[in-house]
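This report goes through selected local features of one structure, beginning with a pair of strands and then turning to two ligand sites.

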Amino acid sequence: MKTSLCWVALILCILHCVRLSAAQDLLPNCSYPAVYAFGDGLTDVGNAIAAFPEKFAHAELDPNGIEFPMHPADRFCDGKLLVDFLAFGVRRRPIYPVLRGTSPDFRYGTNFAAVGGSARNVTLYSKASGPYYTPFSLDVQLQWFERYKIRLWFYEYMNPGIVVQPLPTLNSINQSLFLVYAGYQDYFYSLYDKTLTPRQALNIVEEVVESIGTLIEGMLKVSVYYPPGSPSYVMPAAKDILVLGLPPLGCIPAMLTIYQTPGAKYNSHGCLSDLNKITTKHNRLLGEKVIALREKYPDTLRLLYGDIHGVYTDILKNPEAYNITEPLKACCGVGGSYSFNKDVTCGHLGTVGNEMVNLTGTTPCFNHKAHLSWDGVHTSDAFNKAAVTAFLTGKHIYPEGGFQCSPDFTFWNARM
Ligand SMILES: *[C@@H]1O[C@H](CO)[C@@H](O)[C@H](O)[C@H]1NC(C)=O
Ligand SMILES: *[C@@H]1O[C@H](CO)[C@@H](O)[C@H](O)[C@H]1NC(C)=O
Ligand SMILES: *[C@@H]1O[C@H](CO)[C@@H](O)[C@H](O)[C@H]1NC(C)=O
Ligand SMILES: *[C@@H]1O[C@H](CO)[C@@H](O)[C@H](O)[C@H]1NC(C)=O
Ligand SMILES: *[C@@H]1O[C@H](CO)[C@@H](O)[C@H](O)[C@H]1NC(C)=O
């Protein structure tokens, strides 16, 4: 009796396992004609340096991009950004910045994100605006996207054959993958430059989320294009969008350093509680916005929400599982409890106290793979990899199941 029960249990178990793996095998390959991205310095792959080469010169200098396949990388990261992993994961290649003039390759899509790309409209910009600002807020990025579609139309329908550059087709827009990763700029640099207190930053959350919603609605809108002297054309819209929340602000080394005040409250992971409240509120409202937009645009194929905060917290809870030994310290930075000092940031030379500091070399820390933060501001290759791995395997992504396709991790660690 006992043994037969065991047999039944074993057979049930085998059946179950076979079914599970069959379900996995049945998933189609993740594969998109193209990838497009909107956002700020966490997603910029060269728009800021293309627009303002001197201001952003250090983006292509060591140690930025030391691990990137095509170093110099124009990225504020040791290796790949989140958008790079996403592109590889869905069988594409890293996408080029829309402003890239020399030797661009737009076969796999286009990246509209830019350093300074706040969610809220930039209304005032001058040459004197600080080193992390540009005029390229999401409203401008949406204009770039509209313009991009018009150019595709022009080359495909107006002047076929005139352009030798391979580009995605206009009709592939509604099968492509879109990434929206915004809002970090709005909070981070307001707090960094102390133009807002943490309490005031809590009050801009509604406006930031509203601006992200406006971008998404602009992307989803099927508009009619009226070319002068030609029949009108129904412009395709985005249909498959991944919207990301934000990492916990209070765990970012620059914030931990700047707001390390005597009365500061910390959570169990050593992050600043008051700052985490800002991103927690942002993520909650953004999640609600995404749900509301799904209802408003039922024809949208997919509007996914990726919980970056959830991934970050998972790692803080169990850093060893991710080979992270320095969860709260910058790799490329100097001094203090968090390896960050505003006076000499990554890619620069300077003095701290009486000491000369050189952060322009290729080895800014002992092991950059052990850090969640690259330069105290931007997340590291290690974090970006963990986040996209989670999303592509259905973790921390909503609705449940996420992409429901089989990703490709071939280039995860490749330097190519
Ligand atoms: C999925 O992609 C892999 C390569 O990444 C390829 O070997 C495989 O044949 C593809 N499967 C399908 C069903 O297209
Ligand atoms: C932001 O700018 C766009 C134009 O670029 C405009 O249509 C929109 O109304 C502005 N949003 C706000 C909140 O001012
Ligand atoms: C994409 O747009 C084209 C025309 O612009 C249309 O023919 C096609 O059905 C659309 N595909 C989807 C998946 O919506
Ligand atoms: C951690 O490091 C080990 C040994 O190098 C490696 O096998 C493992 O894949 C790494 N884990 C992650 C999540 O990177
Ligand atoms: C800073 O370090 C880099 C790499 O080690 C070196 O090439 C450069 O000469 C150093 N600069 C100064 C001013 O010491």
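## A strand hairpin

Thr351 stands opposite Met356 in E11, and this placement belongs to a predicted model, as does everything described below. The two strands concerned are E10, covering residues 349-352, and E11, covering residues 355-358, which pair in the antiparallel sense over 4 bridges. Between E10 and E11 there are 2 residues, so that the strands form a hairpin, and Gly353 in its turn has a positive phi of about 65°.

## The surroundings of ligand 3

Asn171, Asn174, Pro236 and Lys239 are the residues around ligand 3, a shell that divides into 1 nonpolar, 2 polar and 1 charged residue.

Side chains from this shell place polar atoms by oxygen atoms of the ligand: for Asn174 the separation between an N or O atom and a ligand 3 oxygen is 2.3 Å, for Asn171 a polar side-chain atom lies 3.0 Å from such an oxygen, and for Lys239 the corresponding value is 3.1 Å. Ligand 3 taken alone exposes 360 Å², of which the protein buries 47%.

## The surroundings of ligand 1

Around ligand 1 stand Asn29, Arg91 and Asp408. In the side chain of Asn29 an N or O atom is 2.3 Å from an oxygen atom of ligand 1, while an N or O atom in the side chain of Arg91 is 3.1 Å from an oxygen atom of this ligand. When ligand 1 is taken alone, the exposed area is 370 Å², and the protein buries 26% of that.

Technical notes. Residues numbered from 1 in each chain as written. Chains lettered and ligands numbered in written order. Predicted model: local features only at pLDDT ≥ 70, side-chain atom pairs only at ≥ 80, totals over all residues. Heavy atoms only, no water. Near = heavy atom within 4 Å. Polar contact = N/O pair within 3.5 Å; in protein donor to acceptor, adjacent residues only side chain to side chain. Areas by Shrake-Rupley, 256 points an atom, 1.4 Å probe, with all protein chains shown as cover. Pairing = 2+ DSSP bridges. Nonpolar A, V, L, I, M, F, W, Y, C, P; charged D, E, K, R; others polar.
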